[in-house]
Number of protein chains: 2
Amino acid sequence: MDFEAIKAHLAKKGLKATHQRLVVLQCLLMLKNHPSVEQVYEKIRPGNPTISLGTIYKTLETFVEAGIVQRVSTKEGAMKYDANLSRHDHIYSTNTQEIIDFEDEELSKIVENYINKKRIGNFKVNDIRIQIEGEKINPEKDIDII
Amino acid sequence: MDFEAIKAHLAKKGLKATHQRLVVLQCLLMLKNHPSVEQVYEKIRPGNPTISLGTIYKTLETFVEAGIVQRVSTKEGAMKYDANLSRHDHIYSTNTQEIIDFEDEELSKIVENYINKKRIGNFKVNDIRIQIEGEKINPEKDIDII
DNA sequence: TTTTAAATAATAATAATTCTTATTTAGGAA
DNA sequence: TTCCTAAATAAGAATTATTATTATTTAAAA
Ligand SMILES: [Mn+2]
Ligand SMILES: [Mn+2]
Ligand SMILES: [Zn+2]
Ligand SMILES: [Zn+2]
């Protein structure tokens with residue numbers, strides 16, 4: 001997504017296309033690592049030295065409310081953000097603190113169908129998320145899903 | 001689990017059975033709500049007015065390290081603790097901030113088998129967790145799984 | 001009973017997040 | 001294009017969450 005497309009994306013949600021919002025969203029789309037607020041800040045700072053950390057916090061929460069970004073949390077507590085809104089799950093590597101997308105339509109469908117069949121009374125299901133936790137064997141190398 | 005059983009449980013893990021640890025663990029076993037540190041503190045305080053908040057933090061982390069309690073997190077960020085170590089999943093109600101256990105051996109097996117079949121290279125899976133997010137329809141009433 | 005390593009209480013320090021307010025700015029109106 | 005205004009930002013203060021420090025207490029082993 002280029003700058004103009006991002007601008008249109010924001011406009012569609014009724015959000016002013018400020019420079020700060022453009023760079024934060026571009027950063028999130030680029031880094032697919034599910035970065036923390038601090039990580040977005042550090043990434044953006046060199047090219048935008050006057051941007052404020054508070055603005056990053058505010059901007060990311062604005063995006064969450066507008067539904068163009070989602071929060072992802074791990075057992076380690078730090079809050080992370082994800083611009084990938086397609087229905088997907090996460091692999092969390094405890095030794096490297098990485099979060100990696102795990103996309104598997106078939107699995108999603110299986111679980112979704114199973115839970116819908118099950119019927120949970122007095123509750124409306126909005127989202128089902130699978131978290132696969134474990135550790136990278138060689139922290140230098142990438143995880144690859146076969 | 002009564003006080004003596006909890007005492008034995010701690011001893012088995014090589015942890016001193018201090019009064020503070022006994023009441024914190026008993027509290028977690030009793031409240032199955034996946035309470036936060038603050039909630040454990042408030043629950044315990046009336047009967048133990050000299051207990052320190054720092055001790056609750058320390059104690060819960062000690063339990064996590066010893067493997068007798070696990071952390072549970074939600075997208076809202078607050079850290080919660082769970083003494084239920086059986087393989088189970090969670091229903092998270094966003095409007096009431098409640099976490100409820102969802103126990104379904106069959107579903108667990110299906111997902112586990114699927115992921116094991118899939119093979120994730122350079123990664124050792126330790127745990128698979130499903131989080132069902134949504135909202136209570138009537139916040140006063142309980143969620144019931146059929 | 002005595003000893004001692006480990007745990008706790010109290011409090012200080014640090015880290016994470018939110019709030020406040022003066023200033024700036026995007027985008028619509030003129 | 002220029003003007004206007006509501007909304008957004010920067011800077012810093014305040015709040016909240018968590019961790020660290022240290023003197024005192026205590027569980028449990030000798
Ligand atoms: Mn539970
Ligand atoms: Mn936090
Ligand atoms: Zn993701
Ligand atoms: Zn649970």
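Which residue takes a positive phi in the hairpin of β3(B) and β4(B)? The residue is B:Q97, with phi near 65°, and the hairpin has four residues between the strands. The model is predicted. Chains A and B bury about 4,100 Å² between them. Residues of both chains surround DNA strand C, and residues of both chains surround DNA strand D.

**Chain A: overall layout**

- Chain A has five helices and seven strands.
- Along the sequence, the elements of chain A run α-α-α-α-β-β-β-β-α-β-β-β.
- A box of roughly 50 × 40 × 25 Å along the principal axes holds the C-alpha atoms of chain A.

**The β3–β4 hairpin of chain B**

- β3(B) and strand β4 (residues 98–102) of chain B run antiparallel, joined by five bridges.
- One pairing in this hairpin sets B:Y92 opposite B:I99, its bridge partner in β4(B).
- B:Q97, with its positive phi near 65°, belongs to the same hairpin.
- β3 (89–93) is also among the elements that give two or more residues to the side of chain B that touches chain A.

**The interface of chains A and B: extent**

- Chain B brings 47 residues to the contact, and chain A brings 47 residues.
- Carbon and sulfur atoms give 57% of the buried area of about 4,100 Å².
- On the side of chain B, the trio B:K75, B:N122 and B:F123 supplies 18% of the area buried against chain A. No other three residues supply more.

**The interface: polar links**

- Four salt bridges cross between chain B and chain A.
- One salt bridge involves B:K75, a residue that also belongs to the trio named above. Its partner is A:D127, and the closest N and O atoms are 3.5 Å apart.
- Polar contacts between the two chains come to 33 residue pairs, both residues being at pLDDT 80 or more.

**The interface: elements of chain B**

- Two or more residues each come from β1 (70–73), β3 (89–93), α5 (105–118), β5 (120–121), β6 (123–136) and β7 (144–145) of chain B.
- β6(B) gives the most, with 14 residues.
- By class, the side of chain B that touches chain A has 19 nonpolar, 11 polar and 17 charged residues.

**Strand pairing between the chains**

- Strand β5 (residues 120–121) of chain A pairs with β7(B) through two bridges.
- The two strands run antiparallel.
- A:G121 faces B:D144 of β7(B) in this pairing.

**DNA strand C**

- The residues around DNA strand C from chain A are A:K16, A:A17 and A:Y57.
- From chain B, they are B:K16, B:T18, B:Q20, B:R21, B:T50, B:I51, B:S52 and B:T55.
- Sugar and phosphate make up 78% of the atoms of DNA strand C that come within 4 Å of the protein.
- A polar backbone atom of A:A17 lies 2.8 Å from a phosphate oxygen of DNA strand C.
- A:Y57 places a polar side-chain atom 3.0 Å from a phosphate oxygen of this strand.
- B:Q20 has a side-chain N or O atom 2.6 Å from a sugar or linking oxygen of DNA strand C.
- The surface near DNA strand C comprises three nonpolar, five polar and three charged residues.

**DNA strand D**

- Chain A gives A:K16, A:T18, A:Q20, A:R21, A:T50, A:I51, A:S52 and A:T55 to the surroundings of DNA strand D.
- Chain B gives B:K16, B:A17 and B:Y57.
- Of the atoms of DNA strand D that come within 4 Å of the protein, 75% belong to sugar and phosphate.
- The side chain of A:T18 has an N or O atom 2.9 Å from a phosphate oxygen of DNA strand D.
- A:T50 uses a polar backbone atom, 3.3 Å from a phosphate oxygen of this strand.
- B:Y57 reaches a phosphate oxygen of DNA strand D with a polar side-chain atom, at 2.8 Å.
- Three nonpolar, five polar and three charged residues form the surface near DNA strand D.

Note on methods: Residues are numbered from 1 along each chain as its sequence is written. Chains are lettered from A and ligands numbered from 1 in the order in which they are written. This is a predicted model: local features need pLDDT of at least 70, side-chain atom pairs count only at pLDDT 80 or more; totals for chains, interfaces and linings use all residues. Side-chain values use heavy atoms; hydrogens and water are left out. A residue is near a molecule or strand if one of its heavy atoms lies within 4 Å of it. A polar contact is a pair of N or O atoms within 3.5 Å; within protein, one must be able to donate a hydrogen and the other to accept it, and residues adjacent in sequence count only if both atoms are side-chain atoms. Ala, Val, Leu, Ile, Met, Phe, Trp, Tyr, Cys and Pro count as nonpolar, Asp, Glu, Lys and Arg as charged, and the others, Gly among them, as polar. Contact means heavy atoms within 4.5 Å. Buried area is the accessible area (1.4 Å probe) that two parts lose on being put together, summed over both. A salt bridge is a side-chain nitrogen of Lys or Arg within 4 Å of a carboxyl oxygen of Asp or Glu. Two strands pair if DSSP finds at least two bridges between them.
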